[in-house]
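Visitor: I would be grateful for a close look at one part of this model, namely its interior and the residues that belong there.

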Amino acid sequence: MTTRPLCRLENARQGSTLFLLCWAAYAAAYVGRYNYSAVMGAMIADGVLSHSAAGAVSTGYFICYAAGQLGSGFACQFVSPFGMIFAGLALSGLCNLGMAFAPPAALAALWAANGLLQSMFWPPIVRLFAESMPLAQQKGACVNINSTIPAGTFAAYGLCAVLLAAASWRAAFCACGLLLLGGSVLWQLATLRLRRACLAPRAARARAAAKSKAPGGAGAGALRAVLGAGLCWLVLPVLLHGGLKDGVTSWVPSMVQDRFAVSPAFSAAVSMALPLVNAGGAFAAGWLDRRVLHSELKTAASLFLLSCLCLALLPAAVGRSILFSMLLLALVTASMLGANTMLVNVMPVRAGRAGGAALLSGLLNAVTYAGAAAATWGTGLAAGRWGWGAVFALWLAMAGAALAVSAACTGRWQRFAQSCDGEG
């Protein structure tokens, strides 16, 4: 079994087309992911799910998404990335349609399957950017693709808010499913010329086949170097930031509905404030690292500090103002998106200058979503048994622990990163 090579596109127009199509596909994927969070409060209110059961549905999704990232990262080296993205859109669309009609006992399994299918987007997009995007456009594409997160999340909450007000949560799942199926058709038709342009010539195939037979180990070497530098504790902030980034986003509509006694449609609409602020999280982190702190881990620590301050103020804000509460939660999720950029994107690339950055980033991303799975389940359990005050305390403890570990490791990381720069 050998890696299927791709050709690099020859002109900027082709590169722009590839980026826009990948952007649209990944944004659509977020609609088929966060729509459950937007309608979860309505499902609980209808008695379809309890708080703990609703958390278990999200947990199954994140577990399968985390495991699927590793499998998809391996598989996309041997199958067409264009085909993987098409299959992900189409099959995730069918899962969303199934959520509208499945009995309550089947919802957790169906949404877990959606997690596996949703993991089929990011590894192929990374491969297309790495092997087919014109070199002059690579860096911009890798940065700008982050805007799909707030755009897709905003679209999911907006569409679901309208359909919750006009119809029901079942209609919301149907609409999102049809959107993904339509996106799969658009992807297949619009990428026809790009697929032809990216077909590798026979000589490139031969070179790729020879390369695939060469001894590997670069990824394992990078991982051993990180562990050897005493940075194994960094797995904790990676785990916890994933829990805060996705756990908070998943439960905000339900919290707003419970604490402010508003309708499910209104809570979904108000939750659209999160992606509006999140849009600047990754870019703000990059600016802070490049212009002020000049250290990825110091930047992540500063973002954890901001989250701690916001979460400490949250209980008082929830008792007084929905607007101030949403602002604080938006700052938390935006700062966690910035921390994700540092911990999962930038730091593995720097540590793997001599090879292995992709594997290291994939492993850390899997840890991130393992944290999301644990946090969504834990939040549902805490909310159901002890109330939202216990949830706010849990989130604050998570941010505080991540801050403490990140701050303690900053000096060691800086020395290690400088040694990696010398190797690169």
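In particular, is C64 buried or exposed?

Guide: In this predicted model, C64 is buried, because its relative accessible area is 19% and the cut-off for a buried residue is under 20%. C22 is also classed as buried, because its relative accessible area is 0%. A search of the whole structure finds 0 disulfides. C22 accordingly takes part in no disulfide, and the nearest cysteine sulfur, belonging to C198, lies 9.6 Å away.

The interior itself may be described through its nonpolar cores. The largest of these has 114 residues, and Y36, M43, F173, L329, L343 and W395 are the members with the most contacts inside it. Helix α1, spanning residues 12–45, supplies the largest share of this core, with 18 residues. A second core, separate from the largest one, consists of 5 residues, among them M84, C95, L117 and M120.

The surroundings of Y36 merit particular attention. Leaving aside residues up to four places away in sequence, Y36 touches M43, L49, A54, V57, S58, M99, W111 and F173. Two of these partners, M43 and F173, are themselves named among the residues with the most contacts inside the largest core.

For contrast, one may turn to the surface. There, L313, F324 and L327 make a nonpolar patch of about 270 Å². L327 is placed in helix α17, which covers residues 322–351. L327 counts as partly exposed because its relative accessibility is 44%, a value between the 20% and 50% limits.

How values were computed
Residues are numbered from 1 along each chain as its sequence is written. This is a predicted model: local features need pLDDT of at least 70, side-chain atom pairs count only at pLDDT 80 or more; totals for chains, interfaces and linings use all residues. Side-chain values use heavy atoms; hydrogens and water are left out. A nonpolar core is a set of buried Ala, Val, Leu, Ile, Met, Phe, Trp, Tyr and Cys residues joined through side-chain atoms within 4.5 Å. Buried means under 20% relative accessible area, exposed over 50%, partly exposed in between (1.4 Å probe, protein chains only). Helices (H or I, at least four residues) and strands (E, at least two) are DSSP runs, numbered from the N terminus. Contact means heavy atoms within 4.5 Å. A disulfide is a pair of cysteine sulfur atoms within 2.5 Å. Patches are made of residues with over 30% relative accessible area and no salt bridge: like charges are joined within 9 Å, nonpolar side chains (Val, Leu, Ile, Met, Phe, Trp, Tyr) within 5 Å. Accessible areas come from the Shrake-Rupley method with a 1.4 Å probe; for residues, only the protein chains shown count as cover. A salt bridge is a side-chain nitrogen of Lys or Arg within 4 Å of a carboxyl oxygen of Asp or Glu.
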